[in-house]
Amino acid sequence: MLIDTHTHLGQLRHNDPGLTVEQLVQRMDAHGIDRAVVLAVENPEELDYYVPSWQVLEWCARRPDRLIPFCACDPRHRYPGQFDPYPVLRRYVEAGARGFGENLCGLPIDDPLQRRVYDACAILGLPVLLHIDHHINRDGPGLPGLERLLHDYPGISFIGHAQYFWREISANPEPGVSYPKGPVQPGGRVEELLSRYPNLMADLSAGSAHNALSRDPEHALGFLERQHGKILFATDVLAMSQELPIVPLFRDLPLSPEARAAIAWGNATRLLRL
Ligand SMILES: [Zn+2]
């Protein structure tokens, strides 16, 4: 059993049509993936187009046996201070959404506007998937803003993803470097935060997580064994031509059966109440 907690449907980039429902399921079949979380894109920063929550819900409803919808909203809607995300998100939850994401908002990670969204997610019991880089959900070195969220929202499971999350697998990452190379230095903030906060999880999707593991395979094995209750298998698949190197990397790691099962499907099943 394998659950992918980070995928996309629809056109996101001007030069690629993205995936249809049938194509995503085809790619899942080819890689032995049983079920997948499909993320909404409602922030303008990372990509060329939106894939709104209602569209994700409609697409996932065609294959409820395989696809699990998330919803999203941009905290900057309406005049400053006028937007209430709660009724918006509640409608998506009533229609079947299981989480909030992908948060791709170009604001500080714990901006007051973002906190209004997290307030709604806390009430609705939605886990929150955070893309963290130099611009999106930006934070200081060592992720102090993320730690404030973990402290202030003990009822929300935050899922860490992307370059400026995973670079912190190593202590004191070089400023401005998205994909640091070489051995992981002990004392990285990712492991410290995962150990300290039960409400932090991390997904293995995209080049960022792959780099964090492949830069130091020995560290990767120990890290995944120690943190296996907090890690989610994921790809970030969004195109037909995209390679998914995390699939063979995860398959070939000599993990204990317990850690493998937790990362492959156990943690996602618990988190998403499947
Ligand atoms: Zn993504």
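Colleague: Which residues of strand β7 (residues 200–203) point one way and which the other, and are they buried or exposed?

Modeller: In this predicted model, L200 and A202 point one way from β7, while M201 and D203 point the other way. All of them are buried.

Colleague: What makes β6 and β7 a strand pair?

Modeller: A pair needs at least two bridges. Strand β6 (residues 158–161) and β7 are joined by 3 bridges, so they count as a pair. The two strands run parallel. Two of the positions can be named: G160 has A202 as its bridge partner in β7, and I159 stands opposite M201.

Colleague: What about the pairing of β7 with strand β8 (residues 231–232)?

Modeller: β7 and β8 are linked over 2 bridges, and the threshold is at least two, so they pair as well. The sense is parallel. A202 stands opposite I231 in β8, and A202 is also the bridge partner of G160.

Colleague: Which strands of the 5-stranded sheet are edge strands, and what makes them so?

Modeller: The sheet is open, with the order β4-β5-β6-β7-β8 and parallel pairing. β4 and β8 are its edge strands, as each pairs on one side only.

Colleague: Which residues coordinate the zinc ion, and how do you know that they are donors?

Modeller: The zinc ion is coordinated by H6 (NE2), H8 (NE2), E102 (OE) and D236 (OD). Their distances are 2.0 to 2.4 Å. The cut-off for this metal is 2.8 Å, so these atoms qualify as donors.

Colleague: Why is the site of the zinc ion called irregular?

Modeller: The angles among its 4 donor atoms are 83 to 170°. A tetrahedral site requires all angles to lie between 85 and 135 degrees, and the range here goes outside those limits at both ends, so the tetrahedral label fails. The site is classed as irregular. For reference, the ideal angle for four tetrahedral donors is 109.5 degrees.

Colleague: How are the donor residues of the zinc ion spaced in sequence?

Modeller: The spacing is H-x1-H-x93-E-x133-D. H6 in strand β1 (residues 3–7) and E102 in strand β4 (residues 100–103) are 96 residues apart, and this pair links distant parts of the chain.

Colleague: Why are H6 and E102 called buried?

Modeller: Buried means under 20% relative accessible area. H6 has 0%, so H6 is buried. E102 has 1%, so E102 is buried too.

Colleague: What kind of peptide bond leads from G101 to E102?

Modeller: A cis bond, with omega near 10°. E102 itself is placed in strand β4.

Colleague: Which value makes R78 exposed, and which makes N137 buried?

Modeller: R78 has a relative accessible area of 66%; exposed means over 50%, so R78 is exposed. N137 is at 0%, which is under 20%, so N137 is buried. Neither is a glycine, yet R78 has a positive phi of about 65° and N137 a positive phi of about 50°. R78 is in the loop between β3 and α3 (85–94), and N137 lies in the loop between β5 (128–131) and α5 (144–152).

Colleague: Why is R66 called buried, and where is R66 placed?

Modeller: The relative accessible area of R66 is 13%, below the 20% limit, so R66 is buried. Its place is in the loop between α2 (53–60) and β3 (67–69). The R66 side chain reaches the backbone oxygen of D34 at 2.6 Å. Neighbours within four places in sequence aside, R66 is in contact with several residues, among them V25, M28, I33 and D34.

Colleague: Why is α2 described as largely enclosed by the rest of the structure?

Modeller: 6 of its 8 residues are buried, so the description follows. The buried ones are S53, Q55, V56, L57, W59 and C60. Their cover includes α1 (21–30), β2 (35–38), β3 and α3.

Colleague: Which residues have the most contacts inside the largest nonpolar core?

Modeller: L89, L146, F158, W166 and L204, in a core of 79 residues. Helix α4 (residues 112–124) gives the largest share, 5 residues. A second, separate core has 12 residues, including V37 and L272. In soluble globular proteins, nonpolar side chains tend to be buried together.

Notes
Residues numbered from 1 in each chain as written. Predicted model: local features only at pLDDT ≥ 70, side-chain atom pairs only at ≥ 80, totals over all residues. Heavy atoms only, no water. Helix = DSSP H or I, 4+ residues; strand = E, 2+ residues; numbered from the N terminus. Buried < 20%, exposed > 50% of the residue type's maximum accessible area, 1.4 Å probe, protein only. Polar contact = N/O pair within 3.5 Å; in protein donor to acceptor, adjacent residues only side chain to side chain. Contact = heavy atoms within 4.5 Å. Core = buried A, V, L, I, M, F, W, Y, C linked by side-chain atoms within 4.5 Å. Donors = N, O, S within 2.8 Å, 3.2 Å for Na, K, Ca; no water. Tetrahedral: all angles 85-135°; square planar, octahedral: opposite > 155°, others 65-115°.
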